[in-house]
Amino acid sequence: MNLINRLLAGTMAVGALTALSPVTVSAQTAEVLHYWTSGGEARAVGALREEFEAAGGTWVDAPVAGGGGDAQATVLRSRVLAGDPPTAVQIKGPNIHDWADEGALANLDEVAEAEGWDDVLPPLLRDIVTFDGEYVAVPVNIHRVNWLWINPELLAEVDAEPPTTWDEFNATADALLEAGITPVAHGGQPWQDATIFETVVLGLGGPDFYREALVELDADALSGETMIAVFEQMRRIRGYVDPNFPGREWNLATGMVMNGEAAMQIMGDWAKGEFAASDLEGGMDYLCVPTPGTSGFILNSDSFAFFEVEGDDRIAGQRLLASLILGESFQETFNLFKGSIPARTDLPRDAFDVCAVRSMEDLDQAVADDSLVPSMAHEIAIGRSVRGAFLDVVTQHFNSDMSAEEAVELLLEEVELAM
Ligand code: BGC
């Protein structure tokens, strides 16, 4: 019995739930579940929709608002439980393998062969989207998490250069506070807290420590001196955000940097999609530099997976969508809008801005010197339950007066429980 049947066997309200989500049928149909609802994200997913429709497909849009995708993950699970999985879904990292392991995902080998994916995808992405040697998803981009976005005018007001260490960051932030400027634009949501946290882990501990703590979940790394220093730095950062940060969406925080309401934001390069949607230019209107202390690269990559569905039109829709996603022109258009860099390695760099080119160069460098690490906050490093433990502790610490020592104790406890 496959996953869906097994889940159905244990579900009482299936009829009622399936009836909630009818899908229009035509020759090539795709109902696409995604969480790309901010300005830059909507432009990017709009480009995919346009391409799909131009090729004759019927696109049924199923957006679930909520940055980082936690709300969408809940919807996906209930759709699968209801026996009504979407045709295509934006998922990533170990989640892809988990669904594939359950037998829930369609095999894309035929499309992969026809489109030559093996020749254009870097091994780091191939590992994410293949399971047991078969393609079960298609990557759309490469995002870098460890970016600091800066309003240059506000930094100039305190005569500061972009910080390259956390000590410099703290000194600059203190000077900004003194000048009455909010140093850090932040949205208080667990995934955003965890985004900052992992950049501090890399910046203070380096790539080996990052892997020990956030990938291998080594007890000494999780509870030792370096992790205590990470939580202490998180406490400093808490002092640099404005009072209205709780619950704020990440793109509104990016807007604060754009509008001069805050000097800096720590966020992945989907933030660049927001600057781009407002016609702002990297290196001029805003600055993009790696987060303090890092020469490495925290990898995040979005993919689409295709659930096993019935109906020729839906299966044809899946094939069409999968084949368009890695197309050369689409890769360029999409990633310019999204702020990411292409998933395929063979595209010319001319169309990309300074931030994207920096990302491409730093990625090459990180592969060469082994400082490429997978994002914990963005679900590339570890599965949802352990990630949940990190998010929980990081957020609890950020929003209370918990000491760094207490935080590492709790972290170790929660991670071990979730493993
Ligand atoms: C995704 C991005 C998305 C961001 C904010 C990340 O986890 O990989 O595609 O733009 O969350 O929602």
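These legends walk through several close-ups of one predicted model. Residues are numbered from 1 along each chain as its sequence is written, and side-chain values use heavy atoms, with hydrogens and water left out. Because the model is predicted, local features need pLDDT of at least 70 and side-chain atom pairs count only at pLDDT 80 or more, while totals for chains, interfaces and linings use all residues.

**View 1. Two domains side by side.** The domain assignment splits the protein chain into domain 1 (3-142 + 301-351) and domain 2 (144-299 + 358-418); such bounds come from an automatic or database domain assignment. Their C-alpha centres sit 28 Å apart. Domain 1 puts 26 residues into the contact and domain 2 puts in 29 residues, where contact means heavy atoms within 4.5 Å.

**View 2. What gets covered up between the domains.** The size of an interface is often given as the accessible area lost when the parts come together. Here, about 2,200 Å² is buried between domain 1 and domain 2, and carbon and sulfur atoms give 57% of that. (Buried area is the accessible area, taken with a 1.4 Å probe, that two parts lose on being put together, summed over both.) On the domain 1 side, Asp70, Ile341 and Arg349 lose the most area to domain 2, together 22% of what that side buries.

**View 3. Charges and polar pairs across the interface.** Three salt bridges turn up between domain 1 and domain 2; the rule wants a side-chain nitrogen of Lys or Arg within 4 Å of a carboxyl oxygen of Asp or Glu. Look for Asp364 with Arg349: this salt bridge has its closest N and O atoms 3.1 Å apart. Nine residue pairs are in polar contact between the two domains, both residues being at pLDDT 80 or more. (A polar contact is a pair of N or O atoms within 3.5 Å; within protein, one must be able to donate a hydrogen and the other to accept it, and residues adjacent in sequence count only if both atoms are side-chain atoms.) Among the elements that each supply at least two residues of the domain 1 side are α3 (39-54), α4 (70-81) and α17 (328-338). Helix α3 gives the most to that side, with four residues. Helices (H or I, at least four residues) and strands (E, at least two) are DSSP runs, numbered from the N terminus.

**View 4. A salt bridge between distant parts of the chain.** The whole structure holds 18 salt bridges. In one of them, Glu31 meets Arg79, with the closest N and O atoms 2.8 Å apart. Glu31 belongs to strand β1 (residues 29-34) and Arg79 to helix α4, 48 residues apart.

**View 5. Pro94 and a far-off stretch of chain.** You'll find Pro94 in helix α5. Its C-alpha atom and that of Ile382 are separated by 6.4 Å, though the two residues are 288 residues apart along the chain. Leaving aside neighbours within four places in sequence, Pro94 is in contact with Glu379, Ile380, Ala381, Ile382 and Gly383.

**View 6. An open sheet with β7 and β12 in the middle of its order.** Four strands line up as β14-β7-β12-β15, with mixed pairing; two strands pair if DSSP finds at least two bridges between them. β14 (341-342) and β15 (372-374) stand at the edges with a single partner strand each, so one side of each has no neighbour in the sheet. Strands β7 (residues 141-144) and β12 (residues 297-300) run antiparallel, joined by two bridges, and His143 has Asn300 as its bridge partner in β12.

**View 7. Another open sheet of four strands.** The order this time is β9-β10-β8-β11, again with mixed pairing. β9 and strand β10 (residues 262-266) pair in the parallel sense over two bridges, with Met264 in β10 as the bridge partner of Val184.
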